[in-house]
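Biologist: I'd like a close look at a single part, the packing of helices against one another, please. Once that is clear, add a few individual residues to fill in the picture.

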Amino acid sequence: MFNQLFKRHWVINRHFIAPLLEERLRYLKYRAANGTPNPFLCEIAQHLLISIKYLDLQPDDRIITYKELDNVAKRWTRLELQRFTGKNDHLSSKDRFCSHARDWLKFLGRMEDSKQPLPSQITDYVEHMRNEKGLSEQTILHNCYILENFFNQLEVNLRQFLKEATPALIDDLQIKELKKGILSRKTINRRCLVLRCFFRFSESKGWCRQGIANSMHAPRIYKHENLPSGPSLEEIKLLLKTTEENHPINIRDRAIILLLVIYGFRESEVKQLRLEDIDWGQETFTLKHAKRGPIQQFPLTQTVG
């Protein structure tokens, strides 16, 4: 199974020697039989290893609680942020990890039966989203997840909090979450939109004072702010200077750098390029894109050729 999902030998070996091999293989085969594509299976397999490490899973019958899983997911996400400072949308990564780990543990019969019941205010809001706003079940679940995570930090019940809530108190809670450094501005912006709608509904029900929803301001999102930054022209020139010698390795490296710089290809796309893909007479070459899949033809510039 792992030989079909991964190419590098050390990655395959890591999955084979990790604990709970039979349990992981059984679940992955079950997911594959139900139509889960290989890229998604790779992500699931990686998250299973993480869940084993952080939950200290052993071949026993210990039941994992939702709170325990959520705490582990938060810790893993926080460590991921420290390792990859440019990574965005950590709430989304946490959601996916929780989903994979929870489904696997349920498959093994090692997940608690159900979560704690939602506060009545949120269940009323769920009915409002479903019956009056006509939102999809996926959107409703996502909104509930955001509300639960935000209100879980409260030291009082939700009814009392809504009664005492002020714009300043809401801002303090938002700042507290922001200082943790886990959420990106895009995620916080989306959370503010969900909270604003919930508080507007709460105002209509008389659960909280008027004007709180309008007082909430989401962080500004700039166009193209998440686009990765590349090296400057001067840095590229310096890099190309290191490949000027007429040595096979230098020639190979220069071709790789030019393909990355001029055509903007991904690493995997450059690695799969072969000489038979090049039509020297027509000065073109063909490439299958790593993400979208279609085969596309490109003009072969003289420098790169």
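Modeller: What follows starts with helix packing and then turns to single residues.

This is a predicted model, in which local features need pLDDT of at least 70 and side-chain atom pairs count only at pLDDT 80 or more, while totals for chains, interfaces and linings use all residues. Residues are numbered from 1 along each chain as its sequence is written, and side-chain values use heavy atoms, with hydrogens and water left out.

Let's begin with helix H11, residues 185–205. Helices (H or I, at least four residues) and strands (E, at least two) are DSSP runs, numbered from the N terminus. The axes of H11 and helix H10 (residues 167–179) come within 12 Å and cross at roughly 155 degrees. That makes H10 roughly antiparallel to H11; the cut-offs are under 35 degrees for roughly parallel, over 145 for roughly antiparallel, 65 to 115 for roughly perpendicular, and oblique for the rest. Axes are lines fitted to C-alpha atoms, for helices over the stretch in contact, and angles run from 0 to 180 degrees between N-to-C directions. The crossing of H10 and H11 is right-handed, the near helix being turned clockwise from the far one by less than a right angle (anticlockwise would be left-handed).

On the H10 side, Ile170, Gln174, Glu177 and Leu178 make the contact, and on the H11 side Ile188, Arg191, Cys192, Leu195 and Phe199 do. Contact here means heavy atoms within 4.5 Å. Six of the residues in the contact of H10 with H11 are nonpolar, one is polar and two are charged. In this scheme Ala, Val, Leu, Ile, Met, Phe, Trp, Tyr, Cys and Pro are nonpolar, Asp, Glu, Lys and Arg are charged, and the others, Gly among them, are polar.

H11 also packs with helix H8 (residues 137–151), at an angle of about 90 degrees and with the axes 10 Å apart. H8 and H11 are therefore roughly perpendicular to each other. H8 contributes His142, Asn143, Ile146, Leu147, Asn149, Phe150 and Phe151 to the contact, and H11 contributes Arg190, Arg191, Val194, Leu195, Phe198 and Phe199. The residues of the contact of H8 with H11 comprise eight nonpolar, three polar and two charged.

Now for the single residues. His128 sits in helix H7 and counts as buried, at 17% relative accessibility. Buried means under 20% relative accessible area, exposed over 50%, and partly exposed in between (1.4 Å probe, protein chains only). Setting aside its neighbours within four places in sequence, His128 touches Lys133 and Phe201. Asn131, also in H7, is exposed, with a relative accessible area of 56%.

Arg110 lies in the loop between helix H6 (90–108) and helix H7 (120–132), and at 5% relative accessibility it counts as buried. Its side chain joins that of Asp60 in a polar contact of 2.8 Å. A polar contact is a pair of N or O atoms within 3.5 Å; within protein, one must be able to donate a hydrogen and the other to accept it, and residues adjacent in sequence count only if both atoms are side-chain atoms. Beyond its neighbours within four places in sequence, Arg110 has contacts that include Leu57, Arg62, Ile64 and Leu105.
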